[in-house]
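User: I've got a model open and would like to talk it through with you. Mind if I fire off some questions?

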Amino acid sequence: ATLGAATFVLVGRAPATAAGFRRAWVAWALSSALTAVTLLPPMLALWSGRGGRRRARPSRPVEGAVLASLVLVAVGLLVVPAGRGIGAPIALSLPLPLFAWAAVRFGPVATALAVLALAAASVGGIFLGRGPLAGPPSDWRIHVIYLYVALVGGPSLLLGALVRERE
């Protein structure tokens, strides 16, 4: 984060002041943290060969399809224009039980993919100006996304890892 922020200051993308460097550093650090929460878990699980594959029962593909559909609907509510969907608190908390379901029944890879969908929908909602996190794009809205994805995705990923470890 320090090198990235320093580069921003040197090329003129951030003011050459302590406050400008601090803002660039915080943005860079939070961006790296979001990457660590959303992209690294599925990549590491898939590349290590420990993607959490279990013996499939006949009902498992149906359950997975239902879960994937519900996750897509839940994260899709983050890009619904304001006033047309459900309330913001409900839309923001709706993915939590679905992520717990993914963590307990399908392991860390499915949970990480669900968190990745959440992050993509959150960012898309901000840039499209829709959903509960919408408004004029600004630095603080991006920080809200970082915090939201970390608070929703972090515990879900930890739950998936704990369940997998107990097996």
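Here is a run of questions and answers on this structure.

User: Before we start, what kind of model is this, and how many helices and strands does the protein have?
Analyst: It's a predicted model. Going from the N terminus, the elements read α-α-α-α-α-α-α. The count for the protein is therefore seven helices and zero strands.

User: What share of the residues is buried?
Analyst: Buried here means under 20% relative accessible area. The protein has 167 residues, and the buried ones make up 33%.

User: How much of the accessible surface belongs to carbon and sulfur atoms?
Analyst: The accessible surface of the protein comes to about 9,700 Å². Of that area, the part belonging to carbon and sulfur atoms is 70%.

User: And what percentage of the contacts is between residues 24 or more positions apart?
Analyst: The pool here is the contacts with a separation of 6 or more. Within that pool, residues 24 or more positions apart account for 69%.

User: Let's zoom in on a helix pair. At what angle do α4 and α6 pack?
Analyst: Helix α4 covers residues 60-76 and helix α6 covers residues 95-128. Their axes sit 10 Å apart, and the crossing of α4 past α6 is right-handed. The packing angle is about 35°.

User: How many residues of that contact are nonpolar?
Analyst: On the α4 side the contact includes V66, L67, L70 and V71. On the α6 side, L98, F99, W101 and A102 are among the residues involved. The contact of α4 with α6 also has one polar and three charged residues, and the nonpolar ones number 16.

User: E63 is in α4. Is E63 buried or exposed?
Analyst: The cut-off for buried is under 20% relative accessible area. E63 has 14% relative accessibility, so E63 counts as buried.

User: Which side chain does the E63 side chain make a polar contact with?
Analyst: Leaving aside neighbours within four places in sequence, E63 is in contact with W101, R105 and F106. The polar contact, at 2.7 Å, joins the side chain of E63 to the side chain of R105.

User: G64 is in α4 too. Which class does its relative accessibility put G64 in?
Analyst: Partly exposed covers the range between 20% and 50%. G64 is at 24% relative accessibility, so G64 counts as partly exposed.

User: How far apart in space are G64 and A102, C-alpha to C-alpha?
Analyst: In sequence, G64 and A102 are 38 residues apart. In space, the C-alpha to C-alpha distance is 8.5 Å.

User: Where is L133 found, and is L133 buried or exposed?
Analyst: L133 is found in the loop between α6 and α7. Leaving aside neighbours within four places in sequence, its contacts include L92, S122, I126 and Y148. With a relative accessible area of 12%, L133 is buried.

User: What separates the C-alpha atoms of L133 and A88 in space?
Analyst: Along the chain, L133 and A88 are 45 residues apart. Their C-alpha atoms are separated by 8.1 Å.

User: Last one: which residues does G154 touch, not counting those up to four places away in sequence?
Analyst: G154 is found in helix α7, and its relative accessible area of 18% makes it buried. The C-alpha atoms of G154 and L34, 120 residues apart along the chain, are separated by 10.0 Å. As for touching, G154 does so with V37 and V149.

Notes:
Residues numbered from 1 in each chain as written. Predicted model: local features only at pLDDT ≥ 70, side-chain atom pairs only at ≥ 80, totals over all residues. Heavy atoms only, no water. Helix = DSSP H or I, 4+ residues; strand = E, 2+ residues; numbered from the N terminus. Buried < 20%, exposed > 50% of the residue type's maximum accessible area, 1.4 Å probe, protein only. Contact = heavy atoms within 4.5 Å. Areas by Shrake-Rupley, 256 points an atom, 1.4 Å probe, with all protein chains shown as cover. Axes fitted to C-alpha atoms, helices over the stretch in contact; angles between N-to-C directions. Left-handed = near helix turned anticlockwise from the far one by under 90°. Nonpolar A, V, L, I, M, F, W, Y, C, P; charged D, E, K, R; others polar. Polar contact = N/O pair within 3.5 Å; in protein donor to acceptor, adjacent residues only side chain to side chain.
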